[in-house]
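Reader: I am in my first year and would be grateful for a close look at one part of this model, namely its loops. Please take a few residues there in turn and then place them within the chain as a whole.

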Amino acid sequence: KQWYQRRVRGLTEFVKPEYSLPINVTELEPAFSSDKNFIEINENNEDHMWAKVDMERLQAKLRWCLDHRDELKGIGSKAKEEMFKTYTREKIAVEAAVRLSQISREVESKGRTENNSFDNNDAR
């Protein structure tokens, strides 16, 4: 189960049960079809995977949505509130700047390490 969570981690960062209806992933399968018009395999996406879901649980969740529209609206309102609170442009800009700074330091550090090892070997 943890392997699946890592592989589809992008969604689990913001799909929380408090304000969404997550779907259980049973396994991953290659993202291609015999219908080449559906998705074309090439060197850029041959390792992409589709999440297979538990169809019975998905059907039950969809049925719940049809039967509980008022509750579903409440879940949607919570989701909207959370997205506007958590994913503002300002917060994303700060996160991006912090990450770019980290990457820059890593690159500079690696460059200094490589230059130092070259200089040490050159001095011999």
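**Residues in the loops**

Author: Let us begin with His48, which is found in the loop between E1 and strand E2, the latter covering residues 49-53. Please bear in mind throughout that this is a predicted model. Is His48 buried, partly exposed or exposed? Its relative accessible area is 41%, so His48 counts as partly exposed, since that class lies between the 20% limit for buried and the 50% limit for exposed residues. In sequence, His48 stands 18 residues from Pro30. In space, the C-alpha atoms of His48 and Pro30 are 6.1 Å apart.

We turn next to the loop between H2 and E1, where Ser20 has its place. Ser20 has a relative accessibility of 16% and therefore counts as buried, the limit for that class being under 20%. Which residues does Ser20 touch, once neighbours within four places in sequence are set aside? They are Val15 and Ile75. Ser20 also has a polar partner: a polar atom of its side chain lies 2.5 Å from the backbone oxygen of Lys16.

Phe14 belongs to this loop too, between helix H2 (9-12) and strand E1 (25-30). With a relative accessible area of 34%, Phe14 is partly exposed. That value also matters for the surface, because a residue must have over 30% relative accessible area to be part of a patch. Phe14 joins Tyr87 and Ile92 in a nonpolar surface patch of about 260 Å².

A further detail concerns the start of helix H3. There, a side-chain oxygen of Asp54 comes to within 3.1 Å of the backbone nitrogen of Glu56. Helix H3 itself takes in residues 55-67, 13 residues in number. From its first C-alpha to its last, H3 reaches 18 Å, close to the 18 Å expected at 1.5 Å a residue.

Finally, the chain as a whole gives these details their setting. The protein chain has five helices and two strands, and from the N terminus on the order of its elements is α-α-β-β-α-α-α. How much of the protein chain is buried? Buried residues are 8% of its 124 residues, and Ser20 is one residue that counts as buried. The protein chain exposes about 10,700 Å², of which carbon and sulfur atoms supply 52%. Among contacts with a separation of 6 or more, 49% are between residues 24 or more positions apart.

Technical notes:
Residues numbered from 1 in each chain as written. Predicted model: local features only at pLDDT ≥ 70, side-chain atom pairs only at ≥ 80, totals over all residues. Heavy atoms only, no water. Patch = residues over 30% accessible without salt bridge, like charges linked within 9 Å, V, L, I, M, F, W, Y side chains within 5 Å. Areas by Shrake-Rupley, 256 points an atom, 1.4 Å probe, with all protein chains shown as cover. Salt bridge = Lys/Arg side-chain N within 4 Å of Asp/Glu carboxyl O. Helix = DSSP H or I, 4+ residues; strand = E, 2+ residues; numbered from the N terminus. Buried < 20%, exposed > 50% of the residue type's maximum accessible area, 1.4 Å probe, protein only. Expected span 1.5 Å × (residues − 1). Polar contact = N/O pair within 3.5 Å; in protein donor to acceptor, adjacent residues only side chain to side chain. Contact = heavy atoms within 4.5 Å.
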